[in-house]
Amino acid sequence: MSENLSLLLSGFGNALRLENLVFAFAGCFLGTLVGMLPGLGPSAAIAILLPITAAMDPTAAIVMLAAIYYGCQYGDTITAVLFNTPGTGGAAMTAVEGHMMAKQGRAGTALAIAAIASFAACAGRQRAVRKGVSRIGATTSGGRRVHFPTATRRLRGCARSNTTTTTTTTTTP
């Protein structure tokens, strides 16, 4: 147990070196720039920026690639909120709610909410997949459920408009 703890602390110490933090900042910045281009997701960003990390120290390269991935996830949010153009499927609901907030003059708030939510997205996504999500919303740390009513209403409207009804009319000559 003591050896595992010392290895964990050594790993954190290595990842938090100044050199690796600079590469993390640069990777996040580059990932955000590539993520703002509609249609280019995190996988494409890593593929495009992979040659930059070829000559680096392996730890710095992994840190930079992870930062590119997370920066790209957030960069897609910027175009979704400001221009109502989600570049990937993951930003579709962000475009619905965030663009409405941007039109009300609260674009900074929408981008901040998206940044905080993207930081905790992995845990929330896994929980939603395990439990199944019936309404669009989130659960706070206190267990209180917070819903996003506009998105839920729009999805219900889409579900209604996708149903087809057939009517038959007969005419007599």
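## A walk from the loop after helix 4

Asn84 lies in the loop between helix 4 and helix 5, where helices (H or I, at least four residues) and strands (E, at least two) are DSSP runs numbered from the N terminus. The model is a predicted one, in which local features need pLDDT of at least 70 and side-chain atom pairs count only at pLDDT 80 or more, whereas totals for chains, interfaces and linings use all residues. Residues are numbered from 1 along each chain as its sequence is written, and side-chain values use heavy atoms, with hydrogens and water left out.

Most residues other than glycine have a negative phi. Asn84, although not a glycine, has a positive phi of about 55 degrees. With a relative accessible area of 41%, Asn84 is partly exposed, a class that falls between buried (under 20% relative accessible area) and exposed (over 50%), computed with a 1.4 Å probe and protein chains only.

From this loop it helps to step back to the whole chain. The protein holds eight helices and two strands, and along the sequence these follow the pattern α-α-α-α-α-α-α-β-β-α. Of its 173 residues, 23% count as buried. The accessible surface comes to about 11800 Å², of which carbon and sulfur atoms hold 65%; accessible areas come from the Shrake-Rupley method with a 1.4 Å probe, and for residues only the protein chains shown count as cover. If contact is taken as heavy atoms within 4.5 Å, then 47% of the contacts with a separation of 6 or more are between residues 24 or more positions apart.

The interior can be described through its nonpolar cores, each being a set of buried Ala, Val, Leu, Ile, Met, Phe, Trp, Tyr and Cys residues joined through side-chain atoms within 4.5 Å. The largest of these cores has seven residues, namely Val34, Ala45, Leu49, Met64, Leu65, Ile68 and Cys72. Helix 3 (42–49) and helix 4 (58–83) each supply at least two residues of this core, and the largest share, four residues, comes from helix 4. Apart from this core lies another, of five residues, including Val81, Met101, Ala110 and Leu111. Returning to Val34, its contacts, once neighbours within four places in sequence are set aside, are with Leu40, Ala45 and Leu49.

Cys72 counts as buried because its relative accessibility is 1%, whereas Cys28, at 34%, counts as partly exposed. A search of the whole structure finds zero disulfides, a disulfide being a pair of cysteine sulfur atoms within 2.5 Å.

The structure also holds one aromatic pair. Tyr69 and Tyr70 form this pair, which is edge-to-face, with 5.5 Å from centre to centre and 85 degrees between the planes. Rings of Phe, Tyr and Trp (its six-membered ring) pair if their centres lie within 6.5 Å, and planes under 30 degrees apart count as stacked, over 60 as edge-to-face and the rest as tilted. Tyr69 is partly exposed, with a relative accessible area of 32%, and Tyr70 is partly exposed as well, at 48%.

Farther along, Asp76 has its place in helix 4. Is Asp76 buried or exposed? At 7% relative accessibility, Asp76 counts as buried, and beyond its neighbours within four places in sequence, Asp76 is in contact with Gly35, Met36, Pro86, Gly87, Thr88 and Ala91. Gly87 takes part in another approach, since its C-alpha atom and that of Pro38, 49 residues apart along the chain, are separated by 3.8 Å. Pro38 is found in the loop between helix 2 (18–35) and helix 3, and, leaving aside neighbours within four places in sequence, Pro38 is in contact with Thr85 and Gly87.

On the other side of the starting loop in sequence comes helix 5. Helix 5 (residues 92–103) has 12 residues and reaches 17 Å from its first C-alpha to its last, close to the 16 Å expected at 1.5 Å a residue; the expected span is 1.5 Å times one less than the number of residues. In helix 5, the residues Ala95, Val96, Gly98, His99 and Met101 are buried. His99 has a relative accessible area of 18%, and therefore counts as buried. Not counting residues up to four places away in sequence, His99 touches Ala80, Val81, Leu82, Phe83, Asn84 and Thr94, so that the path returns to the residue with which it began. Helix 5 is followed by Gly105, whose phi is positive, near 90 degrees.
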